[in-house]
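Me: I would like to go through this model with you, one question at a time. Please give the reasoning before each result.

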Amino acid sequence: MSMPTFMHNDDLLALQEVLASQSLLSLFVEDAQRVDRFSCEASGLYLDYSKNRVNERVMGLLLATVREKGLPEKIQALFSGELVNYTEKRPALHTALRGAIQTPVDKQTLIMAAQAQMAAFVDSVHSGRWLGATGKTITDVINIGIGGSDLGPLMVTQALRAYRHKGIRCQFVSNVDAADLLAKLEVANPESTLFVVASKTFTTLETLTNATTARSWLIDAMGDNADISKHFVATTSNVANAVAFGICEDNVFPMWDWVGGRYSLWSSIGLPIALGVGMDHFKALLAGARDMDTHFASQPFESNMPVILAVLGVWYANYWEAESHAVIPYAHDLRTFPKYLQQLDMESNGKSAGRDGPVKYSTGPIIWGEAGTNGQHSFHQLLHQGTRLVPVDFIAPMKANHEHGAHQIHLFANCLSQSYALMVGKTREQAKQEFLDIGYSEEESERLADHKVMEGNRPTNTILMNQLTPKNLGALIALYEHKVFVQSVLWDINPFDQWGVELGKKISTLISAVMTDLGDAGDFDASTQNLIRRFQAVQGDNDHESDS
């Protein structure tokens with residue numbers, strides 16, 4: 001389906017045409033206070049959005065639009081537990097998990113009990129009171145989950161590597177391809193390994209397949225000494241299924257339907273985070289997110305960081321035909337952050353149905369990125385000279401979590417150089433002169449100049465923090481959560497369901513049944529039937545080879 005790009009605000013359309021004819025650099029020349037006007041600070045984060053193709057009039061109109069869409073009331077509805085997930089008739093109370101002030105009292109009681117259970121368990125593992133079946137302390141924690149039960153804990157545990165508990169190695173398994181699990185098991189000792197199985201329903205195909213294989217590995221390795229209850233815990237709402245699997249009921253941590261998977265790292269899904277970095281650092285993560293919640297709920301939109309990022313994203317998606325958005329953290333420990341944001345943003349706002357029917361404009365962009373400086377040697381070429389406009393968020397801690405200061409200076413210089421180069425570009429005259437300077441003839445320089453031209457005027461945001469700490473990371477994650485929510489309000493879509501994900505799950509179950517001769521292949525098209533037959537033929541060949 002082809003989507004019209006524009007949202008048809010005539011004033012914004014006119015301003016887009018004006019700004020398209022101006023260079024970003026000229027906006028700084030015209031306004032000596034531009035950086036002060038287009039920057040803000042909150043919860044340990046500093047946002048410079050001055051390198052965007054906006055002026056005060058554009059920002060005023062964009063912010064007026066979110067007011068017209070009822071954003072103040074919708075923020076209140078989000079925090080107070082109203083049924084903002086209207087297709088599933090549920091609240092979305094991930095903010096309650098970190099203690100937002102509007103949290104309903106009944107939810108506070110559940111959350112405090114779950115956090116106390118987590119704290120007691122983490123302390124028992126770290127202190128050595130929790131022992132494996134043969135009396136060995138836990139050295140490896142392997143989280144088995146997928147989607148929100150994997151991406152959030154994985155990203156945070158990697159990001160907070162400098163704060164890791166020295167006696168614990170945390171690993172994560174999500175892909176149903178056994179190669180993922182086997183790679184983790186190869187370096188683990190079954191006698192000192194703890195598995196955390198994270199599945200809201202305890203029926204997720206990928207997760208249960210991996211968990212069952214892990215259980216078999218443990219039993220095969222330990223024989224008569226195997227005791228599943230000493231090596232498996234679970235985070236789920238289906239206690240009965242977890243117990244049937246072999247997990248002690250006391251070691252089942254709760255999940256609730258008022259927290260979506262991609263927003264769940266703040267809950268018991270964050271157990272591997274707490275095991276990896278300690279409960280105190282997990283609480284600091286919550287505190288940073290809570291600070292950003294307070295900022296989002298209380299600050300005027302003109303200085304409200306999530307709102308500003310959100311309207312800028314809509315500006316480019318709906319008035320500049322930008323189809324994607326790059327997130328580039330200049331911190332190796334944040335290398336998984338773009339991948340985490342892919343789920344947060346695209347699963348939330350990758351929607352074509354609005355509250356009142358199909359939308360008639362572009363919604364959520366494609367989110368992508370890589371850690372700097374690696375991206376400079378791969379996709380930055382497209383950012384600088386490609387035919388597509390790609391707005392970029394640069395994220396950078398200014399102080400490293402290591403003692404090699406020269407590395408940090410070089411890293412930060414690269415971050416700033418990229419945002420500057422994307423803004424100023426390179427003219428044809430400059431490109432031609434560069435060829436002349438290295439000895440090319442006038443004719444060659446004229447002919448080749450276009451190959452070095454960079455249009456510039458590519459919009460970027462720069463988000464700084466003093467250092468990558470648990471609290472600053474919590475604020476950063478919450479910043480993007482709220483940005484996504486604001487954009488959903490502007491686009492009038494529900495960011496808390498994911499029916500597109502559910503369809504694939506159901507069909508996968510049906511195809512699996514066909515491949516194991518328990519279903520009817522006739523229910524599928526000729527292409528799918530052909531592909532199933534080819535798979536079955538290869539599997540049959542493998543069986544014959546193993547028999548021989």
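**Contacts, burial and the sheet**

Reply: Leaving aside its neighbours within four places in sequence, Thr336 is in contact with Leu154, Met155 and Gln158. Bear in mind that this is a predicted model.

Me: Where is the place of Thr336?

Reply: Two elements flank Thr336, namely E8 and helix H14 (337-349). The place of Thr336 is the loop between E8 and H14.

Me: Is Thr336 buried or exposed?

Reply: A residue counts as buried under 20% relative accessible area. Thr336 has a relative accessible area of 9%, so Thr336 is buried.

Me: What distance separates the C-alpha atoms of Thr336 and Gly369?

Reply: Along the chain, Thr336 and Gly369 are 33 residues apart. In space, their C-alpha atoms are separated by 9.2 Å.

Me: Which residues is Asn251 in contact with, leaving aside its neighbours within four places in sequence?

Reply: Asn251 sits in the loop between helix H10 (239-245) and strand E7 (252-253). With a relative accessible area of 10%, Asn251 is buried. Leaving aside neighbours within four places in sequence, its contacts are Phe121, Trp130, Ser229, Val233 and Ala234.

Me: What is the order of the strands in the open sheet?

Reply: The open sheet has six strands, and their pairing is mixed. The order is E1-E2-E13-E12-E8-E11.

Me: Why is one side of E1 and of E11 left without a neighbour in the sheet?

Reply: Strand E1 (39-42) and strand E11 (366-368) each have a single partner strand. One side of each is therefore without a neighbour, because both stand at the edges.

Me: Which residue in E2 stands opposite Ser39?

Reply: E1 and strand E2 (residues 45-48) pair over four bridges, in the antiparallel sense. Within E2, the residue opposite Ser39 is Asp48.

Me: What angle does helix H13 make with the direction of E2?

Reply: Helix H13 (residues 305-319) packs on the sheet and touches E1, E2 and strand E13 (460-467). Its direction makes an angle with that of E2 of about 35°.

Me: At what angle to E13 does helix H19 run?

Reply: Helix H19 (residues 470-491) lies across E2, strand E8 (324-329), strand E12 (392-399) and E13. H19 runs to E13 at about 155°.

Me: Does Cys248 count as buried or partly exposed?

Reply: Cys170, at 19% relative accessibility, counts as buried. The relative accessibility of Cys248 is 31%, and since buried means under 20%, Cys248 counts as partly exposed.

Me: How many disulfides does the structure hold?

Reply: A disulfide needs a pair of cysteine sulfur atoms within 2.5 Å. The number of disulfides in the structure is zero.

Terms used: Residues are numbered from 1 along each chain as its sequence is written. This is a predicted model: local features need pLDDT of at least 70, side-chain atom pairs count only at pLDDT 80 or more; totals for chains, interfaces and linings use all residues. Side-chain values use heavy atoms; hydrogens and water are left out. Two strands pair if DSSP finds at least two bridges between them. Contact means heavy atoms within 4.5 Å. Axes are lines fitted to C-alpha atoms, for helices over the stretch in contact, and angles run from 0 to 180 degrees between N-to-C directions. Buried means under 20% relative accessible area, exposed over 50%, partly exposed in between (1.4 Å probe, protein chains only).
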